[in-house]
Amino acid sequence: MSSSKSVIFVTGSTGTVGQQVVKQLLSLPETHLNLLVRDVAKAKALFADPAHQARLNFVQGDLENIASYQSELAQSERAFLLSPGGEAPGRFQIVEGKFVAAAKEARIKHLVKLSAEGATPAGAFDGVFREHWDVEKIIIDSGLPFTFLRPNFFMSNVIKQFDTIKQTGVYSEALPVGFEQALISPLDIGRVAARVLTEPIEKHNGRAYDLTGPESLSMTRQAEILGQHLGVAVQYHTMSDVDLFNYASSLMGENVGHLYVRLYQETRAFPGYSANVTGNVEILTGQKP
């Protein structure tokens, strides 16, 4: 890519949120993207529209291996940081910290990080909220212009359970019956990210945006809505930490099992974050979530 003026470096582009970020950026004119991916073939299949190929550059590499993407990062003006979960305690900060150091060396003009609503130093040292806060602090201390996007729980995580819910008539999470969430769609996160990454840097520099859906719903109300959508009677069941750990570990390994248990434990400990409803999606995009 010849010009760095319109080039955005994107990590995590093949994940649920990352795909929406890329698609929304490609819907805007004059954006060219360097996509850091581990599997180029998978990424090309996801973004196969011929109309977009001239604006995409697939960079095969890994966040920890700075040499694998250093050149393309240096050719980019802005960067979007989204790293995969499932790291052992302390690894998240190391992995994202390496990218921050590389971005500073590359003189990135604006770093946008996908964080989490509830990112706080008050969280457990091995918890998701604290890990995101630690990386935010690394970015602040780096001196790079930055923006933090802090979304609530993803609606897509519920959608992934549709088949199971329809078969069993049960919707399960490790949260109390009356617990409330303002679930957000990854599409809305993508829309916000695209705006922040393409609008004047000074408009968003130094800001953190809590991103939520339009209303806060109890777990029982979510079950009712799911039943209406799926055409079956759905009951809510509170999953135990043990069941959550065993389920997540069976699918993705024990590191992820521990990560999920800690995430839900912290979520229960700070219920106000999940129930919080903000208007930031509409403020930033002009569209209701």
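Colleague: How many salt bridges does a search of the whole structure find?

Modeller: The search finds 13 salt bridges. Keep in mind that this is a predicted model.

Colleague: Let's take D62 and R38, then. What makes this pair a salt bridge?

Modeller: The distance from N to O between their side chains is 3.0 Å. The cut-off is a Lys or Arg side-chain nitrogen within 4 Å of a carboxyl oxygen of Asp or Glu, so the pair qualifies. The two residues are 24 apart and come from distant parts of the chain: D62 sits in the loop between β3 (56-60) and α3 (70-74), and R38 in the loop between β2 (32-37) and α2 (40-46).

Colleague: Why is R38 called exposed, and why is D62 called partly exposed?

Modeller: R38 has a relative accessible area of 59%, and exposed means over 50%, so the word fits. D62 has 24% relative accessibility. Buried would need a value under 20%, so D62 falls in between and counts as partly exposed.

Colleague: What about K98 and E64: how do you know that they form a salt bridge?

Modeller: Their closest N and O atoms are 3.8 Å apart, and the limit is 4 Å, so the pair counts. K98 belongs to helix α4 (residues 91-105), while E64 is in the loop between β3 and α3, 34 residues away. Both are partly exposed, K98 at 33% relative accessibility and E64 at 27%.

Colleague: And what makes K288 and E282 a salt bridge?

Modeller: For K288 and E282 the closest N and O atoms are 3.4 Å apart, and that lies within 4 Å, so this pair is a salt bridge too. K288 is exposed at 62% relative accessibility, whereas E282, with 35%, is partly exposed. Elsewhere, E64, R91 and K98 are joined into one network by salt bridges that share partners.

Colleague: On to the rings. Why is the pair of F146 and F148 called stacked?

Modeller: Their planes stand at 25° and their centres are 4.5 Å apart. Centres within 6.5 Å make a pair, and planes under 30 degrees apart count as stacked, so both conditions are met. F146 and F148 are both buried. The structure holds 9 aromatic pairs.

Colleague: Then what makes F270 and Y273 tilted?

Modeller: Here the angle between the planes is 40°, with 5.8 Å from centre to centre. Stacked needs an angle under 30 degrees and edge-to-face one over 60, so this pair is left as tilted. F270 is partly exposed at 24% relative accessible area, and so is Y273 at 31%. Ring pairs also link F9, Y69 and F99 into a cluster.

Colleague: Which residues make the nonpolar surface patch, and why is L251 called exposed?

Modeller: Y247, L251, M252 and Y260 make the patch, with an area of about 420 Å². L251 has 55% relative accessibility, and the line for exposed is over 50%, so L251 passes. L251 lies in helix α11, and α11 (residues 241-252) gives the most to the patch, with 3 residues.

Colleague: How do you know that helix α8 has close to its expected span?

Modeller: Helix α8 (residues 186-198) has 13 residues and reaches 18 Å from its first C-alpha to its last, against an expected 18 Å at 1.5 Å a residue. Its buried residues include I189, V192, V196 and L197.

Colleague: What does α8 give to the largest nonpolar core?

Modeller: α8 gives the most to this core, with 6 residues. The core has 30 residues, and L25, L33, L35, F80, L149 and L211 have the most contacts inside it. A second, separate core has 23 residues, including F179, L226, Y236 and V261.

Colleague: Finally, what makes the phi of E30 worth a look?

Modeller: Most residues other than glycine have a negative phi. E30 is not a glycine, yet its phi is positive, at about 65°. E30 is found in the loop between α1 and β2 and is exposed, with a relative accessible area of 60%. R107 also has a positive phi, near 60°. R107 is in the loop between α4 and β5 and counts as exposed at 73% relative accessibility.

Methods: Residues are numbered from 1 along each chain as its sequence is written. This is a predicted model: local features need pLDDT of at least 70, side-chain atom pairs count only at pLDDT 80 or more; totals for chains, interfaces and linings use all residues. Side-chain values use heavy atoms; hydrogens and water are left out. Helices (H or I, at least four residues) and strands (E, at least two) are DSSP runs, numbered from the N terminus. Buried means under 20% relative accessible area, exposed over 50%, partly exposed in between (1.4 Å probe, protein chains only). Patches are made of residues with over 30% relative accessible area and no salt bridge: like charges are joined within 9 Å, nonpolar side chains (Val, Leu, Ile, Met, Phe, Trp, Tyr) within 5 Å. Accessible areas come from the Shrake-Rupley method with a 1.4 Å probe; for residues, only the protein chains shown count as cover. Rings of Phe, Tyr and Trp (its six-membered ring) pair if their centres lie within 6.5 Å; planes under 30 degrees apart count as stacked, over 60 as edge-to-face and the rest as tilted. The expected span of a helix is 1.5 Å times one less than its number of residues. A nonpolar core is a set of buried Ala, Val, Leu, Ile, Met, Phe, Trp, Tyr and Cys residues joined through side-chain atoms within 4.5 Å.
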